[in-house]
Amino acid sequence: MEAIELPAEANPLTPANLFNVLTRAVSTHQQQVQTGAQQLQAWEAERGYYCMLQNVFIDKSLPLEIRYLAIIQLKNGIDKYWRKHALNSIHKEDKAIIRSQSLESGVSEPDQRLALQNALVISKIVRYDYPTEWPDVISSMIVFLRKSSQDPKPNPIYLPRTLLILLHIIKELTKVRLQKSRANLQLIAPEILNAIGQVYVDKVQGWKAFLEGGGEDEGGAIEDIEQSLLAIRVIRRLLTAGYEFPNRGKDVREFWIILRTHFGYFLDVVMREPQILSDEVQRLVENHLIQIAKLHLNMARGNATAFALLPDSVALLRAYWGLISKFGETFGSKTAITSLRRKPLNAEKERGDDTPILERLCLKGLLLLRACVKMVFYPAQSIRYRHAEEKDEQRDAKEMLKTQLLTDDLVREIVEVVVTRFFVFRGRDLQEWQEEPEEWERTEEGEGDAWEFAVRPCCEKLFLELVINHKDLLIPPLLSVFASVSTPEVENIIFKDSVYTAIGLSAPVLYNHLDFDSFLASTLVAEVQKKQPGYNILRRRIAVLIGQWVTVKIASSSRVAVYQIFQHILDKDDPLNDLVVRITAGKQFKNAIDDWDFEIDRFVPYLPGTLGRIMSLIEEVELTETKMALLDVVSVIVGRLGQHVSPYVEQIISMLPPLWAQAGEEHLLKQSILTIFIKLVESMGVESQQFHSLVLPLIKMTLEPGSETQVYLLEDALDLWEAILKRASSPPPTDLLSLAPYVFPIFETGTLTLRKALSIVESYILLAPTEMLSNQMRGVMFTSFASIFGTLKPEANGIVAHLVEIVVRAADSLGGEQAVEIVGSGLVESGFLAKLHIGLRGSWEAHQTTGPKSKHPPIDGVVETDYFNVLARLALTSTRIFVTVLQAVETSLGQSFEGTMEWLLTEWFSHFGNIGHPIQRKLNCMALTRLLETNQKWILGRMQDLMTVWTDVLIEVVDNGVDCLVWSSERHAGHDDMETPEDARLRELTITDATRKINVKDFIKHHLQQAIMNCGGQEAFHSEWLINVDRDVVNDFSKLDIF
């Protein structure tokens, strides 16, 4: 009978219960695992839980899998709850218990996996608690270290476990960027280096003596090698992060010399022929070399000045170059594959840890040389204050590298070796070209930081920086070697490929020294047509070379030859155009057309063939990354051609649905397909409606609630949707209108897509105002607006307010005052106007307070302007509706209308000076003016405020009686040939706006005269309302020839 599972709250935390739950959690039965995990999660907030977990880990009598789960849970809990201010943080006393037991249990743990997890636990605690809560942790580790290394009869696992814990402590401390934490590390670094450095030296001497003199204790020698490897891993991080100025520390300088000596010895040991070491020992010694090389590289990158000033750094760099040069002698030949490997490896294993040690060290050396070049020519900038000594050191280091390392002779030698040896393809490269063409091409492209992990791409980076910074020195020999191979008669394909590589990389430097147009016409056109075996290598290089030069310097007359070359090497029927050649040509063709000097007319004759071959290639390739890159090329072609692409649209479109179906869960590929659809819609304009039936279902599928694709494709789908709406003609098709309801749920997904969703709503309102204001859509739209209004950043909030203004204007245009009244009621019912009222009321109340107890307004000044713009649009459309909707809002909030108008107008007039845009100032001025139609005392009593606003606005926008904001008939007629249907709709919206049609001076004059008449004439108006206005205000207003 199975044990009854108690709910979490009925299962108290006890050692026995914890053991039982951990047992269930490591069970093979899924149900038990699930209930165990739930119970463990429920206990996370209980005091003593993590101490009990540690006790389970410490108890070596328990099964390993239970102890392992316990330490994992403890490690995860430290991540989540160790911080003082974390929710349900671990109690202070529990922390003390965990700290007190962690070191002793860690150094005595026999299982490697458990020891590693415990080391991670300790390192995370140290990061949080050192030195404040756990000041003696480092000194305790040093005691363990010395005891385990000096005790005559030590526990054999003490030293490796102590080194493991120290390694992870130092790794964790070096991640911290706070200056205080770095200073703490720097305080303890010398003591740690002294202790662990001695361990390293002793262990190396031990296994070195075994290797040189022979011995019987091979197991002890391997233990020594493993322990010295752990020690050097700690030392590497300590030297690079534990010292602000490593070059000034005597202990660092001494240890640097020791490591330099060891580096030479280790290299000699691993390179001996025949191999004298077992595979395991060989691997461990090689890892020592890699750790020392990483130290050199990390120091050069993180503290270049210190690296240069440490003992014999220039000699070290030259030694690295000697190693690189030696490796280059066999890099491009078959011997490079056989002599540097101890056993044959297949193509998959030729990367990573199975790369020959010499190649790995040469790669580190190349990166090291590049770091030094960057230090000399691109020194890191810092805003940190530097003392004179530090500045002098940086200057001396830069000068030393420039004069003693980067001499003219060495720079010439580096470039020569790089071009003649490392730019050359190896047999391994050509074999992979044949066996895995797509994967090989993707690797060769080396995007991002991939160049750091392969010799040839790294050489390309080093070569380019040397050429850029040593132009006068390197341009003549480059041109000389180029001249020796730049004729069709020279058929040394491999060497020519390496030279062309150099010329392509040097394009930004050579463009004024090499006539590429002549070279293209006289050599490349001929070479690309040669049929001899091996010329596929050169065809690929020619595609890359043209792609590099076409963006730098090429004559317009040469572009025809460029298009012909690409069309030729994209031809699948030519056997020399293998998959690598065609993929490279397809990708590089993007540079040929995505260029400032691109001319459509020159390219159009070659469009059908080139486009067709690229699309066929997309169907042929298998890697998603390759398909995406080629789709991007098609997208660029469509974008550059614009309407010229019309004859080929069906050809492009026919390819996309099968690709979409093949993509499956490859959402990045689907994004590329949507991008092409966007480009097609933008290029085709109104004519793009012919393939709405194809793209609208894709958009709908992405927008469906709960759609799995929404996370990946929403942004691209919205871009496509927006592009379609902007180019849709009126009346819109039914299937496009049916998508409108899907836009409002997007408001809830967050700010990343909200702005695009609001833009789509605007497009729908402009395109189909009748449908958007229908009973089915109006309420949903206003409710959605109300849900986000006032909660957004000012810019986004302004867009929502602008949309409401457009809705009011659309209603007025469609159905006059009756339609606007329906819209007003909808704004009240949705709560939109109530939120607006609350925001304005809060601002008014805040502005009534001053001094220390003054309140901060709940809405920003820009947002307040948006609020008043909505009210102004309602008032300008109909004062009756304005009054009606405000009365409805006040009723719902339990406030009086008259009282509201008092504070509202006070705030409105007070805020008027903060309205910056002239159009918005005019809008609010006209709205406030039109309120005179109500003939109510709450507006007539504001005559001084009104006259002040009138005077300001008239002076600003009226010149010699002409309202400068009113558009002329000539401006009404003007439009751009590239204008989309939505551009036309927006232009019409602007033209019909009252602020663009009505002369504000005439508007004010008319409404003021009407108000005077409603009051019983000039005399009654003066005695009742105007008498309360300041005489200076009246005089200023009278000068404007209105009153």
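**A helical chain with its pockets, core and unusual bonds**

Over residues 36–108 the chain is 71% helix and 0% strand, and the C-alpha atoms at the two ends of this stretch sit 29 Å apart. The coordinates come from a predicted model. UniProt lists these residues, 36–108, as "domain: Importin N-terminal", in an unreviewed entry.

Zooming out to the whole chain, the tally is 53 helices and 2 strands. The C-alpha trace spans about 125 × 85 × 75 Å along its principal axes. Of the 1043 residues in the chain, 53% are buried. Take the contacts with a separation of 6 or more: 75% of them are made by residues 24 or more positions apart.

Now for the inside. The largest nonpolar core takes in 363 residues, and Tyr200, Trp721 and Phe832 are the ones that touch the most other members. Tyrosine 200 gives a feel for this: setting aside neighbours within four places in sequence, its contacts are Ser228, Ala231, Ile232, Ile235, Phe255, Leu259, His262, Phe266, His288 and Ile292.

Helix H27 (residues 559–569) offers another look at buried positions. Its buried residues are Arg559, Ala561, Val562, Tyr563, Ile565, Phe566 and Ile569. The cover over these residues includes helix H25 (516–527), helix H26 (535–549), helix H28 (579–593) and helix H29 (600–603).

Next come the empty spaces. Rolling a probe the size of a water molecule over the atoms shows where empty space is left. The count is 2 cavities of 30 Å³ or more. The second largest cavity holds about 40 Å³ of space. Its lining is made up of Leu833, Leu836, His837, Leu840, Leu871, Leu886, Glu890, Thr900, Trp903 and Leu904. Helix H41 (832–847), helix H43 (879–893) and helix H44 (897–912) are the elements that each give two or more residues to this lining, and H41 gives the most, with 4. By class, the lining of the second largest cavity splits into 7 nonpolar, 2 polar and 1 charged.

As for pockets, the second largest one has about 1400 Å³ of space. It is lined by 40 residues, with Arg301, Gly302, Asn303, Ala304 and Ala380 lying nearest its centre. Two or more lining residues come from each of helix H8 (158–175), helix H9 (179–213), helix H10 (218–241), helix H12 (279–302), helix H13 (304–309), helix H16 (357–377) and helix H17 (388–405). H16 supplies the largest share of this lining, 5 residues. The lining of the second largest pocket has 13 nonpolar, 12 polar and 15 charged residues.

Two individual residues are worth a stop. Histidine 168 is found in helix H8. It counts as buried because its relative accessible area is 9%, under the 20% cut-off. Apart from neighbours within four places in sequence, histidine 168 is in contact with Leu116, Ala119, Leu120 and Ser123. Threonine 675 has its place in helix H33 (residues 667–684). With a relative accessible area of 28%, threonine 675 is partly exposed. Not counting residues up to four places away in sequence, threonine 675 touches Ser635 and Asp716. Threonine 675 and valine 1033 are 358 residues apart in sequence, and 60 Å separates their C-alpha atoms in space.

That leaves the backbone oddities. Most residues other than glycine have a negative phi, and most peptide bonds are trans. The peptide bond from tyrosine 130 to proline 131 is cis, with omega near 0 degrees. Proline 131 sits in the loop between helix H6 (112–129) and helix H7 (137–150). Serine 730 and proline 731 are also joined by a cis peptide bond, with omega about 0 degrees. The loop that holds proline 731 runs between helix H35 (710–726) and helix H36 (734–737).

Positive phi turns up at two asparagines. Asparagine 935, though not a glycine, has a phi of about 55 degrees. Asparagine 935 lies in the loop between helix H45 (918–930) and helix H46 (937–940) and is partly exposed, with a relative accessible area of 31%. For asparagine 960, phi is positive and near 55 degrees. Asparagine 960 is found in the loop between strand E1 (958–959) and strand E2 (962–963). Its relative accessible area is 76%, so asparagine 960 counts as exposed.

Key. Residues numbered from 1 in each chain as written. Predicted model: local features only at pLDDT ≥ 70, side-chain atom pairs only at ≥ 80, totals over all residues. Heavy atoms only, no water. 1 Å grid on protein atoms, 1.4 Å probe; cavity = no way out; pocket = protein on both sides within 12 Å on 5 of 7 lines; lining within 4 Å. Points joined across faces, edges and corners; volume = space filled by probe spheres on them. Nonpolar A, V, L, I, M, F, W, Y, C, P; charged D, E, K, R; others polar. Core = buried A, V, L, I, M, F, W, Y, C linked by side-chain atoms within 4.5 Å. Buried < 20%, exposed > 50% of the residue type's maximum accessible area, 1.4 Å probe, protein only. Contact = heavy atoms within 4.5 Å. UniProt positions renumbered as here; feature names shortened; annotations may be inferred.
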